[in-house]
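Biologist: I would be grateful for a close look at a single part of this model, the second largest pocket, together with the elements that surround the discussion of it. Please treat it in one connected account.

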Amino acid sequence: MFPETILELPDEPDTQWWAMYTRSRQEKQLMRKLRELEVGHYSPVISRRYKSPAGRLRTTHLPLFANYVFVRGTGESRYQAVSTGCVSRCIDIADPTQLVTDLQQIHALIETGAALAPEERLEPGDLVRVKSGPFDGFEGTVVQRDGQRRLIVAVRFMNQGASAVLDDCQLEFLGKSTPAK
C-alpha cells in the first residue's frame, strides 16, 4: 500500500482508480516499481504458512487477488504504471466509491490477523453483517464450505474476495445477494 493512507484519501477531480491486471506473478514487481515512482497503489497481501520439504516452517506473502494491483492517481500515474512492463491490461473502475469501500473492508479484515483464504468465485448466499465477535461490523456473504461457516468479504468489481472462518458470531440478515452480471 502506498501511501499508507491511500484508502482514506478524499476524492480529487483529477484522480481516479484503475485495476492493473499484471503479467503472471508480477504483482510484487509492479508494486516495487510504483513505490519507486511514488504512484499510489494498493494490493491486499496475505501471509501463508507452510512446511518446506526439509520440515522448516516458512511464511510467504501472497497477493490476495492474483494479477491485480489497484492504482490511484492522474493520467500520468496510469501511464507510468502501464510503462513498467508488468501490466497486461488496465481496467477502468466504473464505481470507485464502491471499490474503495470494498478495499477498506478487505484491509480491515487483513488487519484482524485472522487466517484468510482467497475466494476466486463468490457463491450466491445471504448478505449479512456480523453483530459480535472479532468480525463485528463486517458485511459480506456467508457460505458453508467443508463443514465450516465462512464469511466472504468481496470486491464486487472483480467478483473475488477473501474468506475467514466464523467463530460462533451472531449474524444479522441484510437480504438476498443479487447474482453478478
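Modeller: In this predicted model, strand 1 and helix 3 (96-111) each contribute at least two residues to the lining of the second largest pocket. Helix 3 gives the most, with three residues. The pocket has a volume of about 170 Å³. Its lining includes Gln16, Trp17, Pro96, Thr97 and Val100; Ile6, Leu7, Leu9, Asp11, Glu12, Thr15 and Arg72 are lining residues as well. By character, the lining comprises six nonpolar, three polar and three charged residues.

Strand 1, one of the contributors to this lining, also belongs to an open sheet of four strands with the order 2-5-1-6 and antiparallel pairing. Strand 2 (40-42) and strand 6 (87-92) are the edge strands; each has a single partner strand, so one side of each has no neighbour in the sheet. From one strand to the next, the twist averages 30 degrees.

The pairing of strand 1 (residues 16-22) with strand 6 is antiparallel and rests on five bridges. Within it, threonine 22 has valine 87 of strand 6 as its bridge partner.

Two helices lie across strands of this sheet. Helix 1 (residues 27-36) lies across strand 1, strand 2, strand 5 (68-73) and strand 6, at about 20 degrees to strand 5. Helix 2 (residues 75-82) lies across strand 1, strand 5 and strand 6, and runs at about 5 degrees to strand 1.

Conventions:
Residues numbered from 1 in each chain as written. Predicted model: local features only at pLDDT ≥ 70, side-chain atom pairs only at ≥ 80, totals over all residues. Heavy atoms only, no water. Pairing = 2+ DSSP bridges. Axes fitted to C-alpha atoms, helices over the stretch in contact; angles between N-to-C directions. Contact = heavy atoms within 4.5 Å. 1 Å grid on protein atoms, 1.4 Å probe; cavity = no way out; pocket = protein on both sides within 12 Å on 5 of 7 lines; lining within 4 Å. Points joined across faces, edges and corners; volume = space filled by probe spheres on them. Nonpolar A, V, L, I, M, F, W, Y, C, P; charged D, E, K, R; others polar.
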